[in-house]
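Student: I should like to work through this structure step by step. May we begin with the overall architecture and then turn to the ligand and to individual residues?

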Amino acid sequence: MWTNHAIATRRRSGHAPKPWVADILALVAGIGLGTVIALVVIGESRGTLASPGGWLIAVGRLAGFTGTYLMLVMIVLISRIPWLERTVGQDRLVRWHRRIGPWPIVLIGLHVVTITLGYAQMTRVGPLHQLWVFLVNYPDMLAAMVGFALLVLAGLSSIRIARRKMKYETWWIIHLYIYLALALAFAHQIVTGVVFLGHPLTRAYWIAIWSLTAGLVLVSRFIWPLMKNFRYQLRVADVSEEAPGVYSLTISGKHLSRLAVSGGQFFQWRFVAKDLLWHSHPYSLSALPRPPFLRVTVKGLGEQSKAVARLKPGTRVFIEGPYGTFTRHARTQSRVALIGAGVGITPIRALLEDLPKNIEVSVVIRASSAADIVHRDEVEALVQIRGGEFHELVGSRKDVTIDADSMRRLIPSIAESDVYVCGPNGFTDRVVAAALRLGVDPKRIHHEAFSF
Ligand SMILES: Cc1cc2nc3c(=O)[nH]c(=O)nc-3n(C[C@H](O)[C@H](O)[C@H](O)COP(=O)(O)OP(=O)(O)OC[C@H]3O[C@@H](n4cnc5c(N)ncnc54)[C@H](O)[C@@H]3O)c2cc1C
């Protein structure tokens, strides 16, 4: 079925990204931040600033509100809003999320320290005594402290060294605590927030920001995916070995002609089977949908991806997506170079199928042995139909060099092409470096990382 490219199927094309979406969102986030700062500053009076500890308390309030606002922005960035994912791409959103990451922790930490010192000066007691008074006498302060501790824990777990040593699932569960931390912080702000006293508009604005964030998460992560899955009713139809340790899953479903997806995009997959239900993993489609079927090709690396090989036909499947910008919509030229290695060949295969017919393609696929090349015949057949160039690079890293010279030899028109690359990080880095050396405009180099 997946090899017969002559079969025409009725299906919806993936939506094109809307670049203005990201600009508008950045503008709204900036205005939101400015409004938060303005409302907190307006809420301070000269009298309170002049009293003992007044400045420390004011700085603390500003730090607390700004830090929490940035936390909400981080949540929106990873809430998998489809139109945002399509425009910016999940890897870039995750990068932005990580870049903002340290700021809320630093600002909320500053809030805890300055508010404690400020109140200690105001009431003329020691800082530790003041901290104790907060915890014992102020409603929700203990909960807020627990929330802060959870935030610090999530932050520490994201530091590169800790992240590398930790299982993905452990890191993910620690990150879920952030939602608890935010709920605890929200209660503390609404109950004890002096900024809100006599300022109902500030309170309404703050509640609106939180409700909007919670609504976005609820709709994009739960309601929307549940509705889609209810419509598609996906189940495993077949599992077949593609190469040693690499399996293709054919998934059947209903109404799949209405699923709008582009070649090169991925979904988050959740399989309703023992030990697999509780986490979803990203896998790219390895072919365009052939309603009533979808296909993914998975390399067994860890527990989940290896268990995929043992899935039984009939197993229920839930998806979230499609996500990703590694699609034909990113193309700017009439020539395209598609370069894939290992299981990174799978989105290249789907993308190749999705490119408009008039596009000239050069495809390079790479694996350490001929047996390891996934979908080789399908890729070659698709290239032949278009009259493009097809190259295989087979051998160890020592024998097969990826550099500017080898790339120019294989794809003489590379400088005038859009370059799409997907594969292990080291491979992708080498291809990108070679393309840059050969004069490819960085905006025309598109790559998909298989890890976040
Ligand atoms: C956008 C994207 C598309 C991908 N497409 C494919 C594909 O088509 N075929 C394929 O075989 N692999 C693909 N991967 C890689 C695949 O998701 C991981 O190999 C798989 O999740 C490993 O899970 P594990 O529990 O078996 O392994 P683990 O041992 O838990 O992890 C192995 C590696 O995968 C990463 N990883 C684990 N779980 C996740 C997760 N939920 N989200 C992101 N990274 C994770 C870990 O950080 C680690 O680097 C893709 C990854 C991404 C980010």
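Student: How many helices and strands does the protein chain have?

Tutor: This is a predicted model. The C-alpha atoms of the chain fill a box of roughly 80 × 50 × 40 Å along the principal axes. Within the protein chain, the count is 16 helices and eleven strands.

Student: Into which domains is the protein chain divided, and how far apart do the C-alpha centres of domain 1 and domain 3 lie?

Tutor: The division gives domain 1 (19-226), domain 2 (233-323) and domain 3 (328-448). Between the C-alpha centres of domain 1 and domain 3, the separation is 43 Å.

Student: What percentage of the residues in the protein chain is buried?

Tutor: A residue counts as buried when its relative accessible area is under 20%. The protein chain has 452 residues, and the buried share of them is 48%.

Student: Which element supplies the largest share of the largest nonpolar core?

Tutor: This core has 36 residues, and Val36, Phe65, Ile178, Leu182 and Trp206 touch the most other members. At least two residues each come from α1 (19-42), α3 (54-77), α4 (82-88), α5 (90-100), α6 (102-123), α8 (141-157), α10 (168-192) and α11 (200-232). The largest share, eleven residues, belongs to α3.

Student: Is Thr68 buried or exposed, and which residue offers a backbone oxygen 2.6 Å from a polar atom of its side chain?

Tutor: Thr68 is part of helix α3. Its relative accessibility is 5%, so Thr68 counts as buried. The backbone oxygen that lies 2.6 Å from a polar side-chain atom of Thr68 belongs to Gly64.

Student: Why does Pro104 count as buried, and what distance separates its C-alpha atom from that of Met74?

Tutor: Pro104 sits in helix α6. Pro104 is buried because its relative accessible area is 0%. Along the chain, Pro104 and Met74 are 30 residues apart, while their C-alpha atoms are separated by 9.3 Å.

Student: Turning to the ligand, which residues come nearest?

Tutor: The ligand has 22 residues around it. These divide into ten nonpolar, nine polar and three charged residues. The ones that come nearest are His281, Pro282, Thr297, Lys299 and Ser305.

Student: Which residue has a polar side-chain atom 2.5 Å from an oxygen atom of the ligand?

Tutor: Two backbone approaches may be set out beforehand. A backbone N or O atom of Ser280 lies 3.1 Å from a ligand nitrogen atom, and a polar backbone atom of Gly302 is 3.2 Å from a ligand oxygen atom. The side-chain approach, at 2.5 Å from an oxygen atom of the ligand, is made by Ser305.

Student: What percentage of the ligand's accessible area does the protein cover, and which element gives the most to the shell around the ligand?

Tutor: On its own, the ligand has 870 Å² of accessible area, of which the protein covers 86%. Two or more residues of the shell come from each of β4 (281-284), β5 (293-299) and α12 (303-307). With four residues, the element that gives the most is β4.

Student: Where does Gln265 lie, and what separates its C-alpha atom from that of Leu285?

Tutor: Gln265 is in the loop between β2 (246-252) and β3 (266-271). Its relative accessibility is 3%, so Gln265 counts as buried. Gln265 and Leu285 are 20 residues apart along the chain, and their C-alpha atoms are separated by 6.5 Å.

Student: Where do Pro292 and Pro322 lie, and what is the form of the peptide bonds from Pro291 to Pro292 and from Gly321 to Pro322?

Tutor: Pro292 is in the loop between β4 and β5, whereas Pro322 is in strand β6 (residues 316-323). Omega is near 10 degrees for the bond from Pro291 to Pro292, which is cis. For the bond from Gly321 to Pro322, omega is near 5 degrees and the form is likewise cis.

Student: Are Arg124 and Asp275 buried or exposed?

Tutor: Arg124 is in the loop between α6 and α7 (127-137), with a positive phi near 55 degrees. Asp275 is in the loop between β3 and β4, with a positive phi near 70 degrees. The relative accessible area is 68% for Arg124 and 59% for Asp275. A value over 50% counts as exposed, so both Arg124 and Asp275 are exposed.

Key:
Residues are numbered from 1 along each chain as its sequence is written. Side-chain values use heavy atoms; hydrogens and water are left out. A residue is near a molecule or strand if one of its heavy atoms lies within 4 Å of it. A polar contact is a pair of N or O atoms within 3.5 Å; within protein, one must be able to donate a hydrogen and the other to accept it, and residues adjacent in sequence count only if both atoms are side-chain atoms. Accessible areas come from the Shrake-Rupley method with a 1.4 Å probe; for residues, only the protein chains shown count as cover. Ala, Val, Leu, Ile, Met, Phe, Trp, Tyr, Cys and Pro count as nonpolar, Asp, Glu, Lys and Arg as charged, and the others, Gly among them, as polar. Domain bounds come from an automatic or database domain assignment. A nonpolar core is a set of buried Ala, Val, Leu, Ile, Met, Phe, Trp, Tyr and Cys residues joined through side-chain atoms within 4.5 Å. Buried means under 20% relative accessible area, exposed over 50%, partly exposed in between (1.4 Å probe, protein chains only).
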